[in-house]
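Here is a short tour of one protein chain, written with the bench in mind. Have the structure open beside you as you read.

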Amino acid sequence: MAPVVMVIGVARYLGARLARSLSQDPAVGRVIGVDVVEPGFDIGTTEFVEADIRTSAITQAVARSGAEIVVHMNVLATQADAGGRIPQKEINVIGTMQLLAACQRSDSVRKVVVKSSTAVYGSFPNAPALLAEDRVPVNVSRRGYEKDASEVESYVRGFSRRRPDIDVTILRFANVIGPQIRTALSEYFLLPVVPVVLGRDPRFQLIHEDDAIEALHKVTVEDRPGIVNVAGDGFLVLRKAL
């Protein structure tokens, strides 16, 4: 039987694209999109529900929908998306806690997918060029979005322990870039004169927006529990990317 999928965060570009992609998949029964405002992007035949994940409204939305799969796309990377640092943290951390509580109480939810970020690894002066999983320091000082993403993953892991019957997938994305998405990094690349640090050509990884949506779609319709880094092969240096 085709599942009911709920996508949280459809008012933003990637959330809307994922909802539209899932609504066009014959293997999916219904798609329900949730956000505090109506999306300005095409979401296909997705049913829109207005709800704030920071409140108990999300519990009611999950219960009424009968959602079997919940995809959390609403961890905000920039303060501008939320209207400031305080609302950003509330949406990211408090919102995730409320959403997970709703899923924990649900009798229908069998899978939770969370869009996370490679920012959870943090950044520090003596970091190696390539960071292996067994070399990730645990005492790195994190602030802002890095800290939010780490806390979100911590809550998700706790949820997984409390509800081992629910499959949990966390996708840690590198910076997403493409012809339509607008982020702080894409705006940086669009500057008429791009400032760089003299004598430094940093390495970084990117993922194309189409590949990001394909990865999210795949783990939604297939059973692939676990934590996965999602990035393009290898790495780029800044000057080559420019």
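M97 sits in helix α4, which covers residues 85-105. In this predicted model, M97 is partly exposed, because its relative accessibility is 37%, between the 20% limit for buried and the 50% limit for exposed. On the surface, M97 joins I94 and Y155 in a nonpolar patch, and together they offer about 240 Å² of accessible area.

Now for a residue in a strand. S116 belongs to strand β5, made of residues 111-117. Is S116 buried or exposed? S116 is buried, at a relative accessible area of 4%. Beyond its neighbours within four places in sequence, S116 touches A149, E153, I170, L171, R172 and F173.

One of those contacts, E153, leads on to the charged pairs. The structure has 17 salt bridges, and three of them are set out here.

| Salt bridge | Closest N to O distance |
|---|---|
| D210 and R17 | 2.8 Å |
| R157 and E153 | 3.6 Å |
| K218 and E222 | 3.6 Å |

The bridge between D210 and R17 connects distant parts of the chain: D210 is in helix α7 (residues 209-221) and R17 in helix α1, 193 residues apart. D210 is partly exposed at 38% relative accessibility, while R17 is buried at 17%.

R157 and E153 both lie in helix α5 (residues 144-162); they are about one helical turn apart because four residues separate them. E153 is buried, with 2% relative accessibility, whereas R157 is partly exposed at 37%.

For K218 and E222, both ends are partly exposed: K218 has a relative accessible area of 34%, and E222 has 29%. Elsewhere, salt bridges link E68, R110, K111 and D223 into a network.

Aromatic rings give another set of pairs. How many aromatic pairs are there? The count is three. In one of them, the ring centres of Y13 and F41 are 5.6 Å apart and the planes meet at 70 degrees, so this pair is edge-to-face. Y13 is in helix α1 (residues 13-23) and F41 is in the loop between β2 (30-35) and β3 (47-50), so the pair ties together parts 28 residues apart in sequence. Y13 is buried at 16% relative accessibility, but F41 is partly exposed at 39%.

Y188 and F189 also pair, with ring centres 5.6 Å apart; their planes are at 55 degrees, so the pair is tilted. Ring pairs join Y188, F189 and F204 into a cluster.

Note on methods: Residues numbered from 1 in each chain as written. Predicted model: local features only at pLDDT ≥ 70, side-chain atom pairs only at ≥ 80, totals over all residues. Heavy atoms only, no water. Helix = DSSP H or I, 4+ residues; strand = E, 2+ residues; numbered from the N terminus. Buried < 20%, exposed > 50% of the residue type's maximum accessible area, 1.4 Å probe, protein only. Contact = heavy atoms within 4.5 Å. Patch = residues over 30% accessible without salt bridge, like charges linked within 9 Å, V, L, I, M, F, W, Y side chains within 5 Å. Areas by Shrake-Rupley, 256 points an atom, 1.4 Å probe, with all protein chains shown as cover. Salt bridge = Lys/Arg side-chain N within 4 Å of Asp/Glu carboxyl O. Phe/Tyr/Trp six-rings, centres within 6.5 Å; stacked < 30°, edge-to-face > 60°.
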